[in-house]
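Reader: Please pick one residue in this model and look at it closely. Then work outward until the whole chain is in view.

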Amino acid sequence: MPSPLPRILVARRLTQAATERARRDFDAILAEQDMTAEEAIAAAAAHQAEALLIGPKVKLDEAAIARLPAHVKLIANSSVGYDHMDAEAARARGMLVTNTPDVLTDCTADLAFLLLLAACRRAHEYEALMRQGWRKGLGLPDMLGVRPSGKTLGIVGMGRIGRAMAQRARGFGMRILYHNRNRLAPELEQGAEYFPTVAEMLPHCQILSLHLPGGARSGVLMDRAAFAALPKGAVFVNTARGSLVDEDALLEALTSGHLFAAGLDVFRKEPDYDTRFAALPNVFLTPHVASATLETRDAMAMRALDNIAAVTAGRAPLDPV
């Protein structure tokens with residue numbers, strides 16, 4: 001007898017709570033390891049799945065979307081970014097696409113600010129010194145960082161996460177500049193200064209933080225000219241997308257001394273990123289973990305399941321893209 005529950009494919013590993021819900025509320029195939037696009041397409045067809053729950057490893061380009069079986073009604077992406085899939089191609093086939101835009105704002109901003117502080121205060125070098133045994137004291141001019149308090153912070157992308165970053169920066173007395181596709185209303189700006197172009201803003205940024213989507217259509221934002229436009233001694237932070245950055249240009253800016261430091265959570269190629277960054281003492285690195293807290297990863301998975309539950313019950317999706 002067919003199951004009365006909606007048939008779904010969960011093509012990535014979930015937290016325990018979300019896994020239990022998927023098993024309870026759906027006729028679900030649950031991946032033991034994160035699937036590739038080809039594996040997800042084959043499993044969706046075999047299970048007659050109405051919905052897919054995916055993550056960044058399921059790279060659904062236009063060709064892959066075309067091979068999805070027609071019974072797939074929804075692709076639920078369990079993160080805010082969806083540059084690993086062609087949402088327009090999915091919509092052209094009549095498939096709904098959702099993401100999870102509200103649940104990872106604070107954790108992403110927290111990690112971005114951690115990267116900012118760690119880059120400014122040479123956290124990688126200090127921690128390495130301690131792990132090596134620290135047997136020689138530091139003198140007054142030795143291993144000096146830069147003080148983040150009171151600096152001018154430029155934010156590119158003043159959406160939910162960018163505004164949360166600005167909120168944290170205000171606690172450090174920072175002057176906040178921003179560029180956004182559209183200027184915010186005064187109650188959302190909260191005193192932040194708007195620049196209509198990134199190029200106009202860069203020369204004023206002692207610290208620059210990216211908070212906008214990436215992907216093939218976005219192109220490279222930070223190239224050699226952009227890094228050169230920052231003041232000498234600036235700090236660069238990226239928790240957005242590695243595709244926004246010309247990494248050769250960033251490496252040159254860091255090794256030449258034009259940039260004081262960088263804090264990076266994302267890279268053009270993941271997980272096999274350019275290890276030249278690891279060799280630089282003035283770079284603080286994390287492995288794309290901005291949302292990696294128990295609370296947020298639970299919320300991301302649950303929100304994706306909420307979208308699936310709504311659509312398979314005939315209701316509108318909560319978070320259409």
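**From one alanine outward**

Author: Ala-301 counts as buried, because its relative accessibility is 4%. The cut-offs are these: buried is under 20% relative accessible area, exposed is over 50%, and partly exposed is in between, with a 1.4 Å probe and protein chains only. The model is predicted, so local features need pLDDT of at least 70 and side-chain atom pairs pLDDT 80 or more, while totals for chains, interfaces and linings use all residues. Residues are numbered from 1 along each chain as its sequence is written, and side-chain values use heavy atoms, without hydrogens and water.

Ala-301 sits in helix 12, residues 294-312. Helices are DSSP runs of H or I with at least four residues, strands are runs of E with at least two, and both are numbered from the N terminus. Leaving out residues up to four places away in sequence, Ala-301 touches Leu-14, Ala-18 and Leu-53. Contact here means heavy atoms within 4.5 Å. Ala-253 is another matter: 48 residues from Ala-301 along the chain, with 38 Å between the two C-alpha atoms.

Now the domains. Domain 1 takes 7-99 plus 294-313, and domain 2 takes 104-285. These bounds come from an automatic or database domain assignment. Over C-alpha atoms, the two domain centres lie 32 Å apart.

Asp-106 is the next stop. It belongs to helix 5, residues 105-120. Asp-106 is partly exposed, because its relative accessible area is 46%. Its C-alpha atom is 9.4 Å from that of Ala-290, although the two positions lie 184 residues apart along the chain. Beyond its sequence neighbours up to four places away, Asp-106 touches Ala-164 and Arg-168.

Both contacts lead to helix 7, residues 160-170, where Ala-164 and Arg-168 are among the buried residues. The others there are Ile-161, Gly-162, Met-165, Ala-166 and Ala-169. Their cover includes helix 5, strand 6 (152-156), strand 7 (175-179) and strand 9 (207-210).

The loops hold some backbone exceptions. Most residues other than glycine have a negative phi, and most peptide bonds are trans. Met-143 has a positive phi, near 50°. It lies in the loop between helix 6 (123-131) and strand 6, and it is partly exposed at 23% relative accessibility. Gln-190 also has a positive phi, about 50°. Its loop runs between helix 8 (186-189) and strand 8 (193-194), and with a relative accessible area of 53% it is exposed. The bond from Glu-270 to Pro-271 is cis, with omega near 5°. Pro-271 is in the loop between strand 11 (259-264) and strand 12 (283-285).

Last, the whole chain. It has 12 helices and 12 strands. Of its 321 residues, 49% are buried. The C-alpha trace spans about 75 × 50 × 35 Å along its principal axes. The radius of gyration is 22 Å, which agrees with the value near 20 Å for a compact globule of 321 residues. That radius is taken over C-alpha atoms, and the globule rule is 2.2 Å times the number of residues to the power 0.38. Among contacts between residues at least 6 apart in sequence, 60% join residues at least 24 apart.
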